[in-house]
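Okay, shall we start? I'll put the model up and then walk you through the parts I'd like you to look at.

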Amino acid sequence: MKCAIVDLGSNTIRLSLYNTLENGGFETLFSKKYMAGLAGYVSHGIMSNDGINQACAVLLDFKILLQQLGVKDMHVFATASLRNIKNTEKALETIKRRTGLSVDVIEGSEEGILGYYGALYTTDLKNGIMFDIGGGSTEFSLFYEGKIIASKSFKNGTVRLLNNMVNEVVWQEIEKWIKTNTEPFEDITLIGSGGNINKLFKLSEKQQDKPLSYVYVSSQYQKLNSMTYEQRIAEIGLNPDRADVIIPATRIYLNAMKWSGARHIYVPKIGLSDGIVKAMYYGRI
């Protein structure tokens with residue numbers, strides 16, 4: 001059975017096509033992304049018509065592509081891109097009218113849980129904090145012995161940080177949440193998902209089952225921060241859409257490690273879409 005999932009994010013719109021295996025597992029047939037930058041179309045909490053039209057255009061392209069592949073069903077999920085705007089209903093109605101697609105808006109706490117499902121079904125890690133950094137928000141989920149204990153979404157994403165839209169109060173809230181929820185545990189491991197942490201992992205040239213250390217992440221942050229945008233593209237090979245957001249993302253990683261006392265970050269190859277397809281299969285959503 002083929003299943004197509006679209007993650008309509010604040011910075012990237014990603015299409016993932018999966019195939020269900022007989023053993024209950026999944027394989028990714030392909031993944032395609034478009035840097036729509038929807039967060040850049042939001043002013044005073046309102047997404048402009050241009051932003052909504054951009055989302056519609058990408059979704060129509062994906063829909064046509066899937067039709068060519070003989071895939072009829074496409075499930076579209078939106079995160080902070082539509083969750084945190086004031087004209088959500090207008091955006092949903094316009095997308096439905098122009099594309100014929102219904103969009104499910106995922107709440108912040110639910111987004112963190114779905115990311116956790118992706119980790120649960122693709123790794124052997126049962127204890128720690130799962131976190132996913134997007135353009136508009138970051139989701140944290142604390143789990144122990146394979147069960148979620150706490151989950152929280154914060155309006156602190158890479159695009160927000162780049163645009164100076166995150167004040168010190170939000171950082172304080174994250175610090176308090178992490179310290180309070182990790183205090184009962186002696187040893188905490190972080191599990192990161194998303195394009196930025198995967199790029200840092202790729203730069204490390206580590207084997208997939210090996211974690212990134214605090215020392216490594218810190219050194220990479222200093223190195224990246226000392227370079228210009230153009231240097232990060234030319235010398236490290238970062239994509240233009242990655243060369244700016246990777247710095248604020250790495251800042252979040254470092255703070256999460258510091259406040260939790262975690263010495264390592266594991267980086268399994270998972271994303272929100274992986275969690276969604278697994279949750280759908282197992283009847284979680």
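Let's begin with strand β8, residues 128-133: four bridges join β8 to β11, and the two strands run parallel. If you want one pair to find on screen, Met 130 stands opposite Ile 191 in β11. Keep in mind as we go that this is a predicted model.

Now stay on β11, residues 190-193. Two bridges also join β11 to β13, residues 264-266, again running parallel. Ile 191 turns up here too, with Tyr 266 as its bridge partner in β13. And which way do the residues of β11 point? Leu 190 and Gly 192 go one way, Ile 191 and Ser 193 go the other, and all of them are buried.

Right, over to the other sheet I wanted to show. Here we have an open sheet of five strands, in the order β3-β2-β1-β6-β7, with mixed pairing. β3 (26-34) and β7 (103-105) are the edge strands; each has a single partner strand, so one side of each is left without a neighbour in the sheet. On average, neighbouring strands in this sheet are turned by 25 degrees against each other, if you ignore direction.

Within that sheet, look at β2, residues 13-20. β2 and β3 run antiparallel and are joined by eight bridges. One pair to pick out there is Tyr 18 with its bridge partner Thr 28 in β3. Then there's helix α1, residues 49-68, which packs on the sheet and touches β1, β2, β3 and β6. The direction of α1 makes about 25 degrees with that of β2.

A quick word on cysteines, since somebody always asks. How many disulfides are there? The count comes to zero, going by sulfur atoms within 2.5 Å. Cys 3 is buried, at a relative accessible area of 10%, and Cys 56 is buried as well, at 0%.

Last stop, the largest pocket. Its volume is about 1100 Å³. The lining takes in 42 residues, and the ones nearest the centre are Arg 14, Gly 194, Gly 195, Asn 198 and Arg 242. Where does the lining come from? β2, β3, β8, α7 (195-204) and α11 (272-281) each supply at least two residues. So which of them gives the most? That's α7, with six residues.

So if you spin the model yourselves, try starting from β8 and its parallel neighbour β11, then find α7 in the lining of the largest pocket. Okay, that's me done, over to you.

Note on methods
Residues are numbered from 1 along each chain as its sequence is written. This is a predicted model: local features need pLDDT of at least 70, side-chain atom pairs count only at pLDDT 80 or more; totals for chains, interfaces and linings use all residues. Side-chain values use heavy atoms; hydrogens and water are left out. Two strands pair if DSSP finds at least two bridges between them. Axes are lines fitted to C-alpha atoms, for helices over the stretch in contact, and angles run from 0 to 180 degrees between N-to-C directions. Contact means heavy atoms within 4.5 Å. Buried means under 20% relative accessible area, exposed over 50%, partly exposed in between (1.4 Å probe, protein chains only). On a 1 Å grid over the protein atoms alone, a cavity is a set of points where a 1.4 Å probe fits but cannot get out, and a pocket is an open set with protein on both sides within 12 Å along at least five of seven lines; lining residues have an atom within 4 Å of a point. Grid points are joined across faces, edges and corners, and a volume is the space filled by probe spheres set on the points.
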